[in-house]
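Subject: Handing over a structure

Hello,

I am passing a structure on to you, and I hope you enjoy looking through it. Please open it beside this message, and then read on.

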Amino acid sequence: MGYYLPFYRQVQMMAAKGVDIERSTLARSPGYAVALLDPIYNRIREIGRTRTKIHTDDTRLPILAPGNGRTHKGALWVHVADDRNSGSQEPPIAWYRATMGRAGESVMSELAGFTGTLQADGFSGYNQLYKGGAIREAACLAHLRRKIFDVHDSQPTELSTTAMAGIQAIYWIEEEIRGLPPAERLAARRRRTRPLVRALRRQLMRQGKGLSRHADIAKAFAYGHQAMARVQSLPL
């Protein structure tokens, strides 16, 4: 059951090892488990939505569409509240949800009733959540770094090297202030990090203008500039 494979393939794998089991038996087992675990899942989600900050992300997954020989572009969402590195004494909490698509409605329903800071990537499906101000956006620097790093790792240039250095400088500050009280971290970010973020945004905007919009590094720069343009202040 630990394989991310259709049941018919798992049946074949087990048969090759001498285990004869019907696909219907495999299919029933998760159904029983879901019925038993659903109250626990709902309680975890209920508690998670009472936290003041949640990190969310998704992974695209192909899901079989029986009958037409194709797959859906599904998604597996994770929602995490874990502020131990910020000095919080609250225990970490995480929950997952699989969907048949990646529509913004999935995010809206899963985070219904949540108020606070949402750390996420630049997926447009989150935009509806930020309207009204009950949920505050905290753009995820790790997503920007990954986009630039992927380009830098395969074909490093002066532009990508400079951008990576700017992001690393921000990471160094976070390493230094990790675990400090919120007021001290906020003061450090306002005094030391904010100028670096603004400089990085100017760099991405300025250098991105001279690149072909089809270039991978230009797409990474555009992603970062747009994300930072939407964020008005740094999260705690």
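Below is what was found, going from the whole chain to the sheet and then to one of the pockets.

**The whole chain**

Please keep in mind that this is a predicted model. The protein chain has an average pLDDT of 84, and 93% of its residues score at least 70. One stretch to treat with care is residues 232-236, where the pLDDT is below 50. In the model, that stretch still has 16 contacts beyond its near neighbours in sequence. Where pLDDT is low, the predicted coordinates should not be read in detail.

As for the overall extent, the C-alpha atoms of the protein chain fill a box of roughly 65 × 45 × 35 Å along the principal axes. There are 8 helices and 5 strands in the protein chain. If you walk along from the N terminus, you meet the elements in the order α-α-β-β-β-α-β-α-β-α-α-α-α.

**The sheet**

How are the strands arranged? The 5 strands form an open sheet, in the order β3-β2-β1-β4-β5, and the pairing is mixed. At the edges are β3 (93-99) and β5 (135-139), each of which pairs on one side only. From one strand to the next, the twist averages 30°.

It may help to go through some of the pairs one by one:

- β3 pairs with β2 (residues 70-81) in the antiparallel sense, over 7 bridges. Within this pair, A75 has T99 of β3 as its bridge partner, and L76 stands opposite A98 in β3.
- β2 also pairs with β1, again in the antiparallel sense, over 11 bridges. Here T56 stands opposite H79 in β2, while H55 stands opposite V80 in β2.
- β1 pairs with β4 (residues 116-120) in the parallel sense, over 3 bridges. H55 turns up once more, standing opposite Q119 in β4.

H55 is a handy residue to click on, with V80 of β2 opposite and Q119 of β4 opposite as well.

Next, have a look at helix α2 (residues 23-48). Helix α2 lies across β1 (53-65) and β3, and runs at about 115° to β3.

**The second largest pocket**

What is the volume of the second largest pocket? The value is about 910 Å³. Its lining is made up of 28 residues, and Y4, F7, P30, V34 and A98 are the ones that lie nearest its centre. You have already met A98, as the residue of β3 that L76 stands opposite.

Which elements each supply at least two residues of the lining? They are α1 (7-16), α2, β1 and β3. The helix that lies across β1 and β3 reappears here: α2 gives the most to the lining, with 9 residues. By residue type, the lining divides into 23 nonpolar, 3 polar and 2 charged residues.

Finally, a word on Y4, one of the residues nearest the centre of this pocket. Y4 sits in the segment before α1. Leaving aside residues up to four places away in sequence, Y4 touches L61, P62 and I63. For A65, the C-alpha to C-alpha distance from Y4 is 15 Å, with the two positions 61 residues apart in sequence numbering.

I hope this gives you an easy way in. Happy exploring!

Best wishes

Conventions. Residues are numbered from 1 along each chain as its sequence is written. This is a predicted model: local features need pLDDT of at least 70, side-chain atom pairs count only at pLDDT 80 or more; totals for chains, interfaces and linings use all residues. Side-chain values use heavy atoms; hydrogens and water are left out. Two strands pair if DSSP finds at least two bridges between them. Helices (H or I, at least four residues) and strands (E, at least two) are DSSP runs, numbered from the N terminus. Axes are lines fitted to C-alpha atoms, for helices over the stretch in contact, and angles run from 0 to 180 degrees between N-to-C directions. Contact means heavy atoms within 4.5 Å. On a 1 Å grid over the protein atoms alone, a cavity is a set of points where a 1.4 Å probe fits but cannot get out, and a pocket is an open set with protein on both sides within 12 Å along at least five of seven lines; lining residues have an atom within 4 Å of a point. Grid points are joined across faces, edges and corners, and a volume is the space filled by probe spheres set on the points. Ala, Val, Leu, Ile, Met, Phe, Trp, Tyr, Cys and Pro count as nonpolar, Asp, Glu, Lys and Arg as charged, and the others, Gly among them, as polar. pLDDT is the predictor's confidence in each residue, from 0 to 100.
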